[in-house]
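Colleague: I am new to this structure and would like a close look at a single part of it. Please take the place where the two chains meet, and add whatever helps to set it in context.

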Amino acid sequence: MLIPMKRLTLAAMRSEESKIMDKLQQISAVQVISMGEMSPDEAQSIVKKENDLLQLKKSAQSLKAYAPKVSPLAPKAEKTLEQLGDDFILSKEICDKTENLISEKTKLKGEIDKALSVIKSLEPWRELDENLEDIRPTRSAIYITGMIKDSDIEKLESIENASVTIYGGEKEKAFLLVCLKGDSESVISKLKELSYTEISFKGLKGTPLDNISRLDKDIALKRAELEKIEKELEGLGLKRDNILSGEDAVSIELEKELSKSYLLKTESVFVLEGWVRSDETEKVIDAVRSVSESAYVEFNDPKADEVPPSVVKNNKIIKPFEAVTNMYSRPAPNGIDATPLMSPFYFLFFGMMLGDTGYGLALMIICFVIQKLKKPRGAFADLIKVLIYCGLSTFICGFFMGSFCGIDFDDIFHTNNVFPLLFDPAVDSMLTMYVCFGLGIVHLMFGLLIQAVYRIKNKDIGGAIFDDISWVLLICGVLIYALAENVKNIGLAMLLLGVFLIVFFAGRAKKNPILRLIGGVKELYGVTSYLSDILSYSRIFALALSSGVIAVVLNQLGTMLREGVGGILGFVLMMIVMVFAHTFSLAINALGCFVHAARLQYVEFFGKFYEAGGTEFKPLGYNTKNTYVKN
Amino acid sequence: MELGLVYAALGAALASILPGIGSAIAVSWAGQAGAGYLTEEDNFGNILVLQALPATQGIYGLLIAFVLASKVGIIGGGHVMVTAEQGLQLLLGALPLAVVGLVSALFQGKASVASIHLIAKRGEKFGNALILPSMVETFAILALLVSFLMISGINVG
C-alpha cells in the first residue's frame with residue numbers, strides 16, 4: 001500500500017538549528033528538500049568533511065592487508081553516536097600514522113630496489129681490484145668499461161693497441177679496456193662493430209667489492225627498518241575498525257551538513273521544507289517539541305506540481321518482496337503498490353522453476369544461516385528473506401514434482417510410480433507446458449483487472465471497460481470457445497463482445513469516426529502481444545526442465561564415478577563430488593530462476609498496469625556503511 | 001556404429017559444442033569487463049552474477065546433449081536401434097539449441113558487458129542491470145524448449 005506523503009514546513013530560531021537537526025537525524029523521518037543556496041561557509045565545511053572521508057577511506061584501504069581477517073558472515077558492529085565520535089577522533093591519529101608509515105615504506109622499498117640493482121650491475125666486477133673513482137681518463141690513456149657478449153670476447157681481445165681484461169658475468173662478460181689516447185679513435189671504431197654496452201661507475205667510490213658489501217649492509221639495515229614498519233602497521237591494522245567507524249561518523253556529519261545547506265535562512269530564523277510519511281507526523285512534532293518550544297511546524301498535502309518520494313507499507317510477510325519491485329522501479333507516488341499483487345506469483349513461479357525438495361531445503365538453510373549470522377538490514381535483508389520464501393516454494397513444488405536433488409521419490413521410498421503427485425516436467429512435458437500457459441493467462445488477466453479496478457476508482461470507467469475488460473472478455477472467450485465444448489457459444493459471445501468493444505471504442509480519443517475505427521482495429525492487432533506474453537510463460541517449464549534434468553545428469557555422473565572407483569572410497573568420492581556439483585547447480589539455477597521469475601513480473605505483469613518512476617524516500621538519518629547506529 | 005547413431009551423436013556433439021563455445025566467449029568478455037572494475041569498489045558479488053548470466057546456454061547445451069545421448073543409448077547403455085532417418089531427425093532436433101544457443105550467448109555476453117559498465121557507475125541499478133541481459137536469454141530458452149520437445153517427440157527403437 002502506498003503511504004501518502006505530507007510536506008513539512010518548519011520554522012525556528014537559528015540558535016536552535018543544530019539541536020533540531022540532530023533530533024531530526026535521530027528519528028530518521030524527514031527528507032529535507034533543497035530550498036536555499038549553499039553559503040561559502042557551508043560549502044567549505046562540506047568539502048572538509050568530504051576530504052576527511054576520503055582520507056579515512058584511503059587509510060582503511062591501506063590497512064586492509066594488515067587487519068585481522070573478518071568472516072564474511074560476521075555481523076556489523078553496533079555503536080552509539082558517542083562511540084562513533086570517539087572513534088573518529090582516534091581514527092584521525094591512526095590515519096596520520098598510517099599515511100606516514102606507508103610513505104616511509106614505499107620510500108624504503110624504492111631504495112632497497114635501487115641498491116639491489118646497483119649490486120646486480122657490480123656483481124661481474126667483483127674481481128676488479130681497483131678503486132672505481134680511479135677508472136677515468138688520464139693524460140695519456142683512456143679506460144672503457146662495459147659488458148660484452150660471450151661470442152664477441154675473442155674479437156674484443158684481438159683489437160690492436162688495446163689491453164683488455166675480462167671479468168665475471170653470466171650471459172655477458174664484464175671487460176675493462178685500456179688504450180693510449182692516440183690510438184683511441186681506431187680502437188673505438190673497432191669496438192663499435194661489436195655488440196657491447198658501456199657501463200659507467202659515476203658516483204661510486206672504492207672497489208666493486210667494497211661497494212657490494214657496503215650496499216649489502218645498507219639493505220640489511222633498511223630491511224630491518226621495513227620489518228619494524230610492517231610490525232607497526234600490523235599494530236595499526238588491529239585498530240582498523242576505528243577507522244571504519246570514523247568513516248561512518250564523518251558520513252553522518254556530512255549528511256547533516258548537506259541537509260543544513262538546504263535550509264532557507266535569515267539572520268535569526270531558518271525554514272526547513274521536507275517530506276514526511278503521513279503516519280509519522282506525530283513523531284516529528286514530538287521530536288521537535290522535545291528540543292524546541294518555539295519552533296513552528298506545519299504539514300500540508302503535496303501540491304499538484306510537487307512530486308513526493310514513494311513510500312510503501314506492507315505486512316511482515318509481503319514486505320521482503322518490495323525488494324523485487326524496487327529492482328524494477330518504485331511505484332509512482334499516485335500509482336499502485338504492486339508488491340502485494342505480485343508476490344504470490346513470484347513465490348509460485350520461482351518454486352515451479354527450481355522445483356526440487358533438496359534444492360529448496362538447501363536454499364532455505366543457506367539463507368537462514370546468513371540471516372542469523374550476518375544480521376543484515378535494509379534491501380539485502382529483504383532479499384535474503386525473499387530467497388527463504390523462494391526456498392520454501394521450491395520445496396513445496398519439488399514435493400509435488402517428486403524429486404530430491406534430482407533423485408526420484410519413487411527410488412528413495414521404493415514405491416512403484418506413486419510419485420510425482422502432480423507431474424514431472426521431463427516426462428509430462430506437454431501437460432507442464434499447458435499448466436504454465438494457464439498460469440500465465442491467469443497472471444495476465446489479473447494484471448488487466450487490477451488496472452480496471454484502478455481506473456474505476458479514478459472514475460475512468462470507459463477506460464476500464466474498453467481497454468481492460470474488453471481484453472479479458474476476448475482472451476477468456478477464446479479459451480472457453482476452444483476448450484469447453486458444452487459452453488462453446490458463451491465463449492464465442494464473449495469473444496465477439498470483446499472484439500466489438502475494442503474495435504469500436506479503443507480509438508475513442510479520436511473525433512473522426514473513420515479514424516476512430518482504424519484506431520480500434522489497430523488496437524485489436526495488440527492481440528499478437530498477448531500471444532507472445534502468454535508464450536513467454538513457457539520459460540517456467542523450460543527452467544523447471546533444465547534445473548531438473550541437470551540434477552539428474554549430475555546424479556548419473558556421480559553414479560558412474562562410484563561404480564568406476566568402487567567400494568567405500570567410491571561412495572565417499574561420489575558424495576564429495578555431488579555436494580560440490582549440486583551446490584554449483586543450485587547457485588546457477590537459483591540465479592536463473594530469480595531473474596526469470598522477476599522478468600515475468602516486470603515485462604508481462606507490470607506492463608499491464610504498473611506506473612513506475614517513484615523516487616526513493618531518503619530521510620535524513622544515520623546512513624552508515626560499516627556499523628549500525630544504536631539509538 | 002549404425003549411421004543413425006552417428007547422426008544422433010553428431011547432434012549431441014553440436015548441442016554441447018556450439019552453445020559451449022558461445023558461453024565461453026561471452027563469459028570471458030563479461031569477465032574481462034568486470035575485472036577492470038574490481039580495483040575500485042567492493043562489488044565482486046554483483047559483477048560475478050552478471051558474468052554468470054550468459055553461462056546458461058552452455059548448460060542448456062549439456063542438457064540437450066545428455067537427453068539425446070541417453071535416448072539413443074550412447075550414455076547409460078541399453079542398445080537402441082536408430083535408423084538413419086531417425087538419427088537425422090534427432091540431429092535436426094538438436095540444431096535449434098545448437099545454433100540459437102551459440103548466437104544468443106554471444107549477444108547476451110555483450111548485454112552483460114554493458115550491464116557491468118552500468119553497475120560500475122551506478123551500483124544501485126543492479127536490478128535493472130540484471131534484467132537486460134536476461135531478455136536475450138529468452139530466445140535460448142525458447143530454442144531449448146523446441147529442441148527438447150522435438151527430441152522427446154521422436155520415437156526410436
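Modeller: What follows describes the side of chain B that touches chain A, and then some features of each chain. The model is a predicted one.

Chain B first. Chain B contains 5 helices and 0 strands, so its pattern along the sequence can be written as α-α-α-α-α. Taken along the principal axes, the C-alpha atoms of chain B fill a box of roughly 60 × 20 × 20 Å.

Now the interface. On the chain B side 25 residues are in contact with chain A, and on the chain A side 28 residues are in contact with chain B. Together the two chains bury about 2,300 Å², and 81% of this area is on carbon and sulfur atoms. Three residues, Phe66(B), Leu145(B) and Phe148(B), supply 21% of the area that chain B buries against chain A, which is more than any other three residues supply.

Specific polar pairings across the interface can be counted too. Between chain B and chain A there are 0 salt bridges. The rule for polar contacts finds 3 residue pairs across this interface, with both residues at pLDDT 80 or more.

Which helices of chain B each supply at least two residues of the side that touches chain A? They are H2 (44-52), H3 (56-71) and H5 (126-153). Of the elements of chain B, H5(B) gives the most to this side, with 14 residues. By residue type, the side of chain B that touches chain A divides into 19 nonpolar, 4 polar and 2 charged residues.

Chain A gives the context. Its assignment has domain 1 at 122-215 and domain 2 at 319-404 + 419-613. The centres of these two domains of chain A, taken over C-alpha atoms, are separated by 82 Å.

Salt bridges do occur elsewhere: over all chains, a search of the whole structure finds 33. One salt bridge in chain A joins the side chains of Lys256(A) and Asp22(A), at 2.4 Å from N to O. This pair links distant parts of the chain, with Lys256(A) in helix H7 (residues 240-261) and Asp22(A) in helix H1 (residues 17-27), 234 residues apart.

A last detail in chain A is helix H17 (residues 513-524). Its N-terminal end is capped by Asn512(A), with a side-chain oxygen 2.9 Å from the backbone nitrogen of Ile514(A). At 1.5 Å a residue, the 12 residues of H17(A) should span 16 Å, and the end C-alpha atoms are 17 Å apart, so the two values agree.

Terms used: Residues are numbered from 1 along each chain as its sequence is written. Chains are lettered from A and ligands numbered from 1 in the order in which they are written. This is a predicted model: local features need pLDDT of at least 70, side-chain atom pairs count only at pLDDT 80 or more; totals for chains, interfaces and linings use all residues. Side-chain values use heavy atoms; hydrogens and water are left out. Contact means heavy atoms within 4.5 Å. Buried area is the accessible area (1.4 Å probe) that two parts lose on being put together, summed over both. A salt bridge is a side-chain nitrogen of Lys or Arg within 4 Å of a carboxyl oxygen of Asp or Glu. A polar contact is a pair of N or O atoms within 3.5 Å; within protein, one must be able to donate a hydrogen and the other to accept it, and residues adjacent in sequence count only if both atoms are side-chain atoms. Helices (H or I, at least four residues) and strands (E, at least two) are DSSP runs, numbered from the N terminus. Ala, Val, Leu, Ile, Met, Phe, Trp, Tyr, Cys and Pro count as nonpolar, Asp, Glu, Lys and Arg as charged, and the others, Gly among them, as polar. The expected span of a helix is 1.5 Å times one less than its number of residues. Domain bounds come from an automatic or database domain assignment.
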